[in-house]
Structures are given as structure tokens and as C-alpha cells.
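Colleague: Please take a close look at one part of this model, the nonpolar core, and follow it outward to whatever it touches.

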Amino acid sequence: MVGTNMSEAHPVASTFVKDAVLGGAQLIVIDPRRTDMVDFAHLHVPIKVGSDVAFINGLMNVLITENLYDKKYVESCTVGFEEIKKKVMEYPPERAAEISGVSVDTIREVARRLASVKPAMLMYTLGITEHTCGVNNVMSCANLQMLLGNVGFECGGVNPLRGQNNVQGACDMGALPNVFPGYQRVDNAQVREKFMQAWNVQSLPEKPGMMMPTMMKNLTTGKVKAFYVFGENLANTEPDIHHVEHELQSAEFLVCQDIFPTETTRFAHVILPAAAWSENDGTFSSSERRVNRVRTASVPPGQAKPNWWIFKEIAKRMGHEWASNSAQEIWDNEISILAPSMAGIKYARLENDGIQWPAPSEDHPGTPTLHKDGKFTCGLGVLKAIDWTPPAEVPDKEYPFVLSTGRRLYHYHTRTQTGRSQGINDLLGEETADISVQDAMAKGIADGEMILVKSRRGEVKVKARVTRQVPEGLVWMAFHFREACANWLTNPVYDPVTQTAEYKACAVRIDRLT
Amino acid sequence: MSDTFFLNGKETPFKPGQMILDAARNGGIEIPTLCYLKGAAPTGACRVCCVEVKGARSLMASCSTPVTAGMEVFTDTELVHRSRKMIVEFMLASGHHNCLMCEANGNCRLQDLAYYYKITKLQFPEKEISDIYPTEDENPFIIRDFSRCILCGRCVQACNELVVNRAISQGYRSAKSKIVTGGDLPYHESECVFCGQCVEVCPVGALTEKKAKGLGRPWEVTKIRTTCPYCGVGCQQWLHVKDGKIIKVTAVEDAEPNKGRLCVKGRFAYDFIYSEDRLKTPLIRKEDGEFREASWDEALDLVASKFKEIIKNDGPDAIAGVSCARSINEDSYQMQKLFRAVIGTNNIDHCART
């Protein structure tokens with residue numbers, strides 16, 4: 001497990017990991033914090049925040065120099081070995097240890113343990129992706145698993161646990177600037193032709209659009225005039241709230257479609273009330289690419305309407321009549337027709353357990369494991385030489401602590417839902433800044449004392465939680481509560497490829513209030 | 001010798017290592033049990049599953065007795081039924097099992113057995129109220145009523161062997177026995193993480209959902225299967241619905257991927273949809289910055305005309321949108337279709353990257 005606080009962020013998934021440990025599996029937890037899963041781990045490797053690439057390169061150095069990697073797999077299933085070998089030779093365990101802050105012996109032990117069993121499963125969450133080097137971190141995980149010959153097997157592979165219930169589905173549906181549903185590229189003329197016919201339009205834009213951070217930046221430049229925010233509370237979730245609010249304020253026309261008034265809807269020109277989960281039929285797609293049914297249990301309040309209906313009505317007012325008139329019609333008659341990987345998934349097949357795409361035909365059972373037996377979808381798995389880069393903002397004299405952020409068990413994101421579910425606030429009613437015992441002692445901070453956490457972008461007053469979970473030099477916070485939201489402090493710098501923000505690392509200082 | 005045994009005289013196959021209870025189930029004979037929990041080690045705690053095994057000195061707990069080839073098992077004898085009935089009578093006297101006032105009424109294995117064995121009056125005196133641990137209902141979600149606890153241990157097994165939160169265990173001894181947290185603290189002061197798996201597996205009314213109390217009897221609700229709205233695991237839930245309102249959420253047994261498990265959010269954070277804060281009507285910002293209520297026609301016309309105006313003046317790429325990673329696939333599909341086919345831009349994204 002790398003960069004995943006599974007027992008809090010994906011509790012049910014973590015129960016199966018714990019079951020596996022009880023059944024005899026080895027667990028290695030790589031995380032700067034001593035997360036709850038460490039209780040079950042054979043080895044906890046507390047690498048420094050943002051040192052993942054160097055650490056993994058160090059592991060691969062050991063695997064290659066000690067001849068522990070899967071030669072047969074590497075030869076027959078992958079390309080790029082010589083390049084990656086050259087690169088990881090620049091990361092002997094001594095150098096990896098210096099960067100990651102764990103011992104040379106630990107690096108060797110992790111590598112040897114990984115090579116001693118097969119298959120080994122690698123799971124990660126946002127501790128890997130929410131860095132300016134997020135893409136490199138992900139590719140490093142893939143490099144490691146390919147070198148070990150673990151990709152393409154049940155209980156192996158590289159397994160990202162996705163944050164939101166339907167973040168997988170939103171990607172699958174083409175709510176991305178470069179692809180149509182089913183990951184078909186917008187710059188492919190043949191694909192566009194297919195969608196033009198299906199959607200009965202004369203043209204479709206071929207240039208990939210803007211990613212969200214670029215959209216928001218362009219609200220202030222005037223390049224983007226209208227911004228349509230559906231079910232996102234950007235004013236709390238995006239890094240550097242002061243700046244985000246300035247961007248939202250700058251929109252000439254902001255449409256918010258949501259189930260609750262939020263910090264974001266304050267900036268809207270029009271707010272459209274939507275039906276919520278359990279108020280309409282539909283599907284979610286989970287982390288494991290499983291399309292599951294969502295069913296209606298109660299009616300939306302007041303005049304709130306299903307989101308798909310709202311979009312259809314706007315299209316109608318702009319001169320487009322869409323035939324589908326229910327989620328099932330949209331899926332069965334459009335999505336499954338247009339996305340080949342989901343062609344075999346129809347509502348009639350989703351009555352009980354869902355189906356994992358790709359499921360190209362209606363008699364296809366679905367695909368639990370991708371790249372089966374090391375036969376990669378793209379042909380050969382690409383091993384890629386990757387260099388370590390530090391986070392964009394590292395501690396200095398003025399801001400000597402690293403701030404890292406994430407979620408806690410009892411709340412979900414900005415609490416629009418959990419904060420309104422009776423009882424949850426009783427279990428967790430406020431934000432804390434989690435700091436180490438050593439730092440608390442050095443600064444004279446008592447557990448539960450209000451402190452000031454300050455970054456170059458903002459400051460919050462928040463209760464200190466002195467805990468052994470956090471190593472010296474680290475402050476850890478979540479973004480559930482508005483007043484002490486970590487995003488007043490976080491750094492709006494992004495991975496150059498994905499534009500994922502570096503929520504996991506910025507520099508802060510902490511001070512007593514008195 | 002082949003892998004068969006004799007179940008009520010009928011030759012029946014079994015798998016090596018299989019317990020009598022499981023093998024009998026496969027052979028079409030359902031043996032009642034209170035403590036058996038799939039996926040956990042058999043404990044033989046409740047003894048309700050007792051059967052006669054030829055050659056054995058006493059009745060055997062079928063949940064924890066492995067089948068051997070040629071074994072002769074009898075599940076339906078007078079001795080078996082007499083014993084089971086007596087065990088149930090002991091349990092009925094172990095606390096205060098007044099079904100009328102119990103949340104589990106209609107969904108209780110002990111009640112089922114008492115009914116099956118036609119028990120109409122208590123054979124043994126009930127435990128004194130003063131000898132029963134007081135009910136704990138200080139936490140927001142789970143009521144622990146020790147007067148209804150039969151000490152079957154399913155909650156302990158679920159907590160330690162299935163979800164492995166290790167919050168509860170068997171405590172004290174004999175008549176003082178109690179399911180306890182570390183230090184016998186109330187749930188909310190203990191290591192408990194409120195996944196509610198203990199409630200899910202409780203066969204009686206000892207552990208019940210506080211938020212569901214008084215809202216509906218099992219026979220009054222419709223169960224609707226759905227998918228949890230929180231993280232990306234995709235847990236399968238039963239929504240217990242009465243009069244169009246969700247009153248309780250439980251896990252779908254044996255469903256992929258969660259196999260009957262949920263977490264605190266999935267099990268207890270469902271009622272946000274009934275919050276008074278919900279947006280109920282379209283709103284349009286006025287000149288003075290405040291919002292006023294509007295009809296759907298007015299709000300949608302405004303959005304469409306503003307979009308058309310911007311497309312005309314600045315081109316379609318001057319419009320951008322983000323979809324919702326919490327909402328259904330069909331909503332995201334419609335939104336990207338609106339942006340691509342109607343507005344004419346690929347400026348459509350969502351929060352996957354942030």
C-alpha cells in the first residue's frame with residue numbers, strides 16, 4: 001500500500017486487506033504517516049512526503065542489482081528495460097535512502113520481500129497522484145509492478161482506489177476535455193464522425209478542451225466567460241481558497257447545479273436544484289470498473305429535477321431535441337452503443353451484481369483483471385525511466401513544516417452530505433491540525449490547544465491534535481470544515497500532464513496563539 | 001472411501017473439512033443456528049444447531065463439527081428438537097425478550113425459533129433486571145440493549161474476523177458475561193469506528209440502529225438495492241424504504257464487491273437527502289446580489305440565452321464546465337454531450353484530477 005489511508009478513505013476495501021493479513025498475506029505500508037493500517041503491516045516504511053519516485057527507483061535498483069526481478073516477464077511482456085536500468089542505477093539504495101529518509105536496509109528489505117512472493121498487489125490512492133510529479137509517481141508504481149512481473153494477474157497489478165463513488169464513471173463517460181465516452185479521442189476524425197451521426201450534429205470540436213485548473217485560471221483572464229459547475233464545491237475543494245474565490249467571483253456567468261447551497265453557489269448567477277442519490281435511477285462505476293445500478297427510493301424535494309433532465313432541457317432550448325428520456329434510455333440506447341468497451345452492459349444485465357468493463361458484447365461476463373497474464377492492451381508494457389523531483393514548495397526557515405492533506409473517516413469532502421446526516425458531526429465535529437509529539441513538545445503546544453497554521457497563501461486557526469500518527473516536521477489536515485479547511489493553505493501548483501494539484505505537500509509554519 | 005456421509009439416512013456428498021451445518025445446507029437440509037457467521041471461524045457458541053451423530057457421546061454442534069466420510073447425521077430426531085427447544089427456553093430467560101417493544105420484532109432468529117417450537121410460556125425464571133447491564137444509547141447510531149443479548153458472539157466475530165476493527169470482545173464470565181469494548185467503555189469512547197457490522201449480524205434485538213427506531217417494522221418496508229454514494233468502492237446497499245422514505249440502510253449479503261459489509265458513511269450517512277437545506281427551486285441572482293426564486297422555464301431560458309449570446313460573441317470555447325463525480329454516469333454523459341454537441345466545445349472536465 002502506497003499513499004493510501006485506506007481504513008479511513010476506503011474503509012470497506014481495507015477490511016479485505018485486513019482479512020488477507022489474517023489469512024497470512026504480508027502487508028507493507030509505505031506512508032509518511034503511521035496510518036491505522038500500519039497496525040496490520042509487517043513493515044511500515046515512513047518515506048518523506050514527495051519522495052516516492054526516488055524510493056521506488058531505489059527498490060528497482062535493488063531488484064536489478066540483486067537479480068531479483070522477473071526476467072522472463074520483463075523480456076516477453078515489456079519494453080524499455082535498458083533505459084529504466086540505466087536510470088535506476090542512478091538511484092542506489094544509499095541515494096534513495098537519503099532522499100526518502102528511510103534506511104538502506106529498509107529499502108533492501110522491501111525489495112526482497114516484494115520479490116519473494118507472487119503475485120503481489122500494489123494499491124495506491126491520492127498520496128501518489130496529488131503531487132506535481134503525480135504522473136511520474138503512478139508510472140513508477142507501474143514500473144515496479146512490471147519489473148516484478150505482477151501486472152495482469154488476479155491479486156496483482158496496480159490498483160488505484162478512486163476517491164469519489166463515480167469518479168471512474170465520470171471519466172468513462174467522457175467528462176474529460178480530450179475524450180468522448182469510452183476514452184475515444186476527440187482528435188480522431190473517425191470517432192468524431194461516429195458521434196456526429198449518433199448525436200445528429202454537423203460538426204464536433206476536434207481540439208481538446210481545457211482542464212479544470214485552466215478553466216478557472218481563464219475566468220480571470222476573460223477567456224472563459226461562462227462556467228457551469230455541476231455538483232462540485234470548488235470554493236472548498238481547490239487549493240488556495242482565496243485565489244479560487246477570486247476566480248469564481250470573476251466569472252461573467254456562473255451556473256451551479258447542486259443539491260445544497262454551498263460555498264461555491266454563493267458566486268452563482270443561476271442555481272439549478274438537482275435530484276440527489278436515491279432520487280433517480282442510474283449507474284455508478286466503481287474503482288474496479290464495475291458498473292453498478294443506483295435506484296430510486298424517494299422523491300426529490302420541491303421542484304428539484306434529475307440532472308440528465310436539466311441538461312436535456314438546456315439542449316432543447318438551444319435547438320437540440322434529444323430522444324432519450326430516462327437514465328436507462330440514455331445508457332441502453334446511447335452510452336452502450338457508442339462506447340465499445342461498454343457495449344455488452346445493458347440495464348437488464350445489472351439487476352444484481354454489476355459488470356466490470358471491458359464487456360464488449362452482451363454475452364461477455366466482464367473483465368475483472370486487465371492486461372491478463374501480462375498481455376498488455378497496448379501490446380507490450382512500457383517501462384519508463386523516471387527521475388525524482390521534489391515538491392514545488394519545500395520547507396524553509398520561514399515555513400519549516402510540510403503540510404499534507406487528506407480525508408478522515410467520518411466525513412466526506414466538504415461535508416455537504418455527511419455534515420447534514422444526523423449523528424456524523426457528533427463523531428467528528430471540527431477540524432484539527434495533526435502534529436507530532438516531538439514538534440508539540442518543542443513548540444510547547446498541548447493536545448487540543450488552538451494554534452495558527454500559516455502558509456504563503458493563507459492561515460487558519462485550528463485545534464492541534466498531538467498524535468503519534470504524524471512524524472516530526474509534518475502537519476496533517478483535512479478539508480472537511482470550512483473555517484479550518486486545509487485548502488486555505490495548499491499550493492495551487494499542478495502536475496504538468498494531468499493538472500492534478502499538489503495537495504500532499506506545501507510548506508507551513510505553526511505557532512501558538514498566545 | 002468417497003466423500004459422502006449420511007444425512008438423515010440419505011447419502012450426501014461433502015467437501016473435506018466441511019462442517020455438518022454447511023454440508024447439510026448443500027444437501028438441502030437447513031439446520032437452525034444463532035451464532036454461525038459465514039466467513040468467520042465456527043464457535044459452537046449457541047448450540048441451537050445441535051444434531052445427533054451416530055456413535056457420538058452427546059449431541060454435536062453442527063456448525064463446528066467437521067463431516068467425516070460415512071458419518072451418520074440426524075437433524076430431525078426427537079432428542080434434537082427437545083434439546084433445541086430447551087436451549088431456546090434458556091435464552092428466552094437470559095434477559096428480557098419482550099418482542100412487542102423490540103426493534104427486531106419480525107426480523108429475529110430467536111423469535112423465529114420460539115415460534116417454531118411453539119413456546120408459549122417461559123419455563124425458567126427471567127434474569128433479574130438488576131442483574132442485566134443497562135442499555136447503552138449515548139452514541140448517535142447504535143443502541144446496545146443487553147437485556148436482549150444472547151451472547152452468541154456474532155458481533156465479536158464480525159468485528160474481529162470480518163471487518164477486523166477489533167473493537168469488541170467477550171468480557172467477564174458466567175452470569176456476568178457481556179460483549180465489551182476495550183476497558184468496557186461505551187462505543188463512542190472506545191476504538192469502535194461505527195461501521196455497524198455488529199448490528200448487521202446481530203440475530204436478535206441486542207444491537208439496533210438508533211436512527212431507524214420506531215420508523216418502521218420489517219414487514220412494512222420495501223428493500224431497494226442500490227450503490228453507496230460515498231467512496232469509489234461501490235458497496236451494495238439495501239435501502240429500507242417506508243412511505244417513500246429511507247429509514248435504514250443495510251449491506252447486501254454476498255454481493256460484489258462488499259460481501260455484506262459497509263462503513264459508517266455507507267450505513268449511517270444516508271439522510272442528508274431529507275435535509276431542510278436542500279435546494280428546492282431554481283434561483284436567479286438579482287441586481288442587489290441576493291437570489292430570488294424562479295421557475296424552471298425562466299432559469300433554463302436564461303442559461304440557454306446567455307450561452308447562445310456568449311457563443312455568438314466569444315465563441316463556444318468561452319464556455320467551460322465541470323461535471324460531478326458523485327452523480328450517475330448518465331448525468332456526466334448528458335453534460336459532456338451538451339458541451340460537445342450543443343455548445344461546441346471540449347471544455348468539459350470534472351474533479352478526477354483535483
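Modeller: In this predicted model, the largest nonpolar core has 266 residues, and those touching the most other members are A:Leu59, A:Phe227, A:Leu254, A:Val255, A:Val475 and B:Cys155. The element that gives the most to this core is helix α3 of chain A (residues 52–65), with eight residues. Beyond its neighbours within four places in sequence, A:Leu59 is in contact with A:Ile107, A:Val110, A:Ala111 and A:Leu144.

A:Ile107 leads on to a pair of helices, since it also belongs to the contact between α6(A) and α7(A). Helix α6 of chain A spans residues 93–100 and helix α7 of chain A spans residues 104–116; their axes come within 8 Å and cross at roughly 110°. An angle from 65 to 115 degrees counts as roughly perpendicular, and α6(A) and α7(A) are therefore roughly perpendicular to each other. Their crossing is right-handed. On the α6(A) side the contact is made by A:Pro93, A:Glu94, A:Ala96 and A:Ala97, which meet A:Val104, A:Ile107 and A:Arg108 of α7(A). Sorted by class, this contact of α6(A) with α7(A) holds five nonpolar residues, two charged residues and no polar ones.

B:Cys155, listed among the core residues above, brings in the second chain. The contact between the chains takes 118 residues from chain A and 100 residues from chain B. On the side of chain A that touches chain B, helix α15 of chain A (residues 307–317) supplies the largest share, eight residues. That side of chain A divides into 63 nonpolar, 33 polar and 22 charged residues.

Conventions:
Residues are numbered from 1 along each chain as its sequence is written. Chains are lettered from A and ligands numbered from 1 in the order in which they are written. This is a predicted model: local features need pLDDT of at least 70, side-chain atom pairs count only at pLDDT 80 or more; totals for chains, interfaces and linings use all residues. Axes are lines fitted to C-alpha atoms, for helices over the stretch in contact, and angles run from 0 to 180 degrees between N-to-C directions. Helices (H or I, at least four residues) and strands (E, at least two) are DSSP runs, numbered from the N terminus. Angles under 35 degrees count as roughly parallel, over 145 as roughly antiparallel, 65 to 115 as roughly perpendicular and the rest as oblique. A crossing is left-handed if the near helix is turned anticlockwise from the far one by less than a right angle, and right-handed if clockwise. Two residues are in contact if their C-beta atoms, placed from the backbone, lie within 7 Å. Ala, Val, Leu, Ile, Met, Phe, Trp, Tyr, Cys and Pro count as nonpolar, Asp, Glu, Lys and Arg as charged, and the others, Gly among them, as polar. A nonpolar core is a set of buried Ala, Val, Leu, Ile, Met, Phe, Trp, Tyr and Cys residues joined through C-beta atoms within 7 Å. A residue is buried if 20 or more other C-beta atoms lie within 10 Å of its own, exposed if 12 or fewer, and partly exposed in between; C-beta atoms are placed from the backbone.
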